[in-house]
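Reader: I am new to this structure and would like to be led through it step by step. Could we begin with the side chains that carry charge, and then turn to the helices?

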Amino acid sequence: GALSISTLAEECPSFTPEQSYLLGVAYIIGNQANEPLHTITKQPVGHTMAAILWKESFIQEKIFRYNPHDPSYGVMNVTFRAYLETQGIRDMSYSTIYSHTNIINTLLTDDFEAIKIGYKYLSNKIILHKDLWKGVKGYNGAGWRATAYMNDVKDRVKLLSKCKTFDNIYM
């Protein structure tokens, strides 16, 4: 959202049960073994995944799965082009695009799959940029807005860590 976390109280956020569940799924997926990624980040990216999901999809108690401005889809706000990139598809011909449009419905209706695709996209960006935070910035795009996005995600990671949001999750 447009609201910067720095304008929020530094207290621990409260989430609805559905939001907490989605954050937990993002955290678990982000903590899976991924040697090429962990060589760069030196640790799993569970908190980062949860922070991105929180930033992309939560406005107060609501969960948004569609952003008409990009447009992007699902709880991780993945664009169609980003999805194709996670599949190694560079061909933007009409037939290629048409044959993959069913993913839009999947991203909108299957939160687990949307989080997995978001993780793959974030992993690709981190590996491409050889840096966790440059990868987070790349997840959003480029320029000053992407830098502000990266800094907001950093703040959310710190807050999720400080608040021990995932201490009750067993993996």
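Author: Lys62 is partly exposed, its relative accessible area being 46%. Please keep in mind throughout that this is a predicted model.

Reader: With which residue does the side chain of Lys62 meet in a salt bridge?

Author: A salt bridge asks for a Lys or Arg side-chain nitrogen within 4 Å of a carboxyl oxygen of Asp or Glu. For Lys62 the N to O distance is 3.7 Å, and the partner in this salt bridge is Glu61.

Reader: Is Glu61 buried, partly exposed or exposed?

Author: Buried would need under 20% relative accessible area and exposed over 50%, with partly exposed in between. Glu61 has a relative accessible area of 48%, so Glu61 is partly exposed.

Reader: Which helices hold Lys125 and Glu85, whose side chains meet in a salt bridge?

Author: The side chains of Lys125 and Glu85 meet with 3.4 Å from N to O. Because the two residues lie in separate helices, the pair ties together parts that are 40 residues apart in sequence. Lys125 is buried at a relative accessible area of 11%, while Glu85, at 22%, counts as partly exposed. The helices asked for are H7 for Lys125 and H4 (residues 80-86) for Glu85.

Reader: Which residues are joined into one network by salt bridges that share partners?

Author: The structure holds 7 salt bridges. Through shared partners, salt bridges link into one network the residues Glu18, Arg65 and Asp111.

Reader: How many residues apart in sequence are the parts that Asp152 and Lys55 tie together?

Author: The side chains of Asp152 and Lys55 meet in a salt bridge, at 3.3 Å from N to O. Asp152 belongs to helix H9 (residues 143-162) and Lys55 to helix H3 (residues 46-57), so the parts tied together by this pair are apart in sequence by 97 residues.

Reader: Are Asp152 and Lys55 buried or exposed?

Author: The cut-off to apply is a relative accessible area under 20% for a buried residue. By that standard, both Asp152 and Lys55 are buried.

Reader: How are the axes of helix H6 and helix H7 oriented where they cross?

Author: The axes of H6 (residues 102-109) and H7 (residues 111-129) come within 6 Å and cross at roughly 110 degrees. Angles of 65 to 115 degrees count as roughly perpendicular, and therefore H6 is, relative to H7, roughly perpendicular.

Reader: How many nonpolar residues does the contact of H6 with H7 have?

Author: H6 contributes Ile103, Thr106, Leu107 and Thr109, and H7 contributes Asp111, Glu113, Ala114 and Ile117. Sorted by class, the contact has 2 charged and 2 polar residues, and its nonpolar residues number 4.

Technical notes. Residues are numbered from 1 along each chain as its sequence is written. This is a predicted model: local features need pLDDT of at least 70, side-chain atom pairs count only at pLDDT 80 or more; totals for chains, interfaces and linings use all residues. Side-chain values use heavy atoms; hydrogens and water are left out. Axes are lines fitted to C-alpha atoms, for helices over the stretch in contact, and angles run from 0 to 180 degrees between N-to-C directions. Helices (H or I, at least four residues) and strands (E, at least two) are DSSP runs, numbered from the N terminus. Angles under 35 degrees count as roughly parallel, over 145 as roughly antiparallel, 65 to 115 as roughly perpendicular and the rest as oblique. Contact means heavy atoms within 4.5 Å. Ala, Val, Leu, Ile, Met, Phe, Trp, Tyr, Cys and Pro count as nonpolar, Asp, Glu, Lys and Arg as charged, and the others, Gly among them, as polar. Buried means under 20% relative accessible area, exposed over 50%, partly exposed in between (1.4 Å probe, protein chains only).
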